[in-house]
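Thanks for making time for this. Before I go through the chain, please take a moment with the sequence and the fold, and then we can look at a few regions together.

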Amino acid sequence: MLKLLVPCMAVNTLYDINLDMLKQRGIRGIIFDLDNTIIPWNSPDLCPDMQFWLSQLSGEGFKLCLVSNNGKKRVRQIATQCSAPFVARALKPSRTGFRQAVQVMGLTPAEVAVVGDQLFTDILGGNRLDLFTIWVKPLAPQEFIGTKITRQLEKLAIRLLKTTGRL
């Protein structure tokens, strides 16, 4: 079970992701989590720098899709700003939302990376479908109350993964 919490890559910020390495691995699509991954929690808008970076990804040939446990209205609002398809109410870490995103992009799981800030939703869900998982530090300390609780479990998992040499 612990191996499902281990990301393929960990970065401080999205801008630290090595896009050339992803291309070399055959990655053609990237699934992004929403809150605290591409926008601060509960923010209604992408910042201009993030909007530009996401458009650069598209310009480099990557297909994008947002996958979030948020409701459709909120996810659509952000997806529209970056011209990306989306899956709302994904029930992460369920594989269903990730499968939908892979299908929407017209790719296979081997061609898709998932980027998120939470081990128990984004990384676990992506690993369950054998996607290339990228764990990023959260953008802001403000979070949904349920996420704050999960973060405590995440801290324990991180300690355990580090002591076993998996992280």
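I would like to begin at D130, which follows helix α5 and has a positive phi, near 60°. Since I will be naming elements throughout, helices here are DSSP runs of H or I with at least four residues, strands are DSSP runs of E with at least two, and both are numbered from the N terminus.

A word on the model, which is predicted: local features need pLDDT of at least 70, side-chain atom pairs count only at pLDDT 80 or more, and totals for chains, interfaces and linings use all residues. Residues are numbered from 1 along each chain as its sequence is written, and side-chain values use heavy atoms, with hydrogens and water left out.

Staying with helix α5, residues 119-128, how many of its 10 residues are buried? Eight of them are, so the helix is largely enclosed by the rest of the structure; buried means under 20% relative accessible area, exposed means over 50%, and partly exposed is in between, with a 1.4 Å probe and protein chains only. Among the buried residues of α5 are L119, I123 and L124, and also D122, a residue to which I will return.

Let me turn to the sheet. Six strands form an open sheet in the order β1-β6-β5-β2-β3-β4, with parallel pairing, where two strands count as paired if DSSP finds at least two bridges between them. The edge strands, each pairing on one side only, are β1 (9-11) and β4 (86-87). Strand β2, residues 29-32, runs parallel to strand β3, residues 63-67, and the two pair over four bridges. Helix α2, residues 48-59, packs on the sheet and touches both β2 and β3, its direction making about 155° with that of β2; contact means heavy atoms within 4.5 Å, and the axes are lines fitted to C-alpha atoms, for helices over the stretch in contact, with angles from 0 to 180 degrees between N-to-C directions. Within the β2 and β3 pairing, F32 stands opposite L66 in β3.

Now to the charged pairs. A search of the whole structure finds five salt bridges, the criterion being a side-chain nitrogen of Lys or Arg within 4 Å of a carboxyl oxygen of Asp or Glu. One of them joins E60 and K23 at 2.9 Å, N to O, and it links distant parts of the chain, with E60 in the loop between α2 and β3 and K23 in helix α1 (residues 19-24), 37 residues apart. Both ends are partly exposed, E60 with a relative accessible area of 39% and K23 with 37%.

The salt bridge between K92 and D33 has its closest N and O atoms 2.7 Å apart, and here K92 counts as buried at 9% relative accessibility, as does D33 with 7%. D122, mentioned earlier, belongs to this picture too, since D33, K92 and D122 are linked in a network of salt bridges.

R74 and D35 also meet in a salt bridge, at 2.3 Å, N to O. R74 lies in helix α3 (residues 72-81) and D35 in the loop between β2 and α2, so the pair ties together parts that are 39 residues apart in sequence.

Finally, is S68, in the loop between β3 and α3, buried or exposed? S68 counts as buried, at 2% relative accessibility, and, leaving aside neighbours within four places in sequence, its contacts include L34, V75 and K92.
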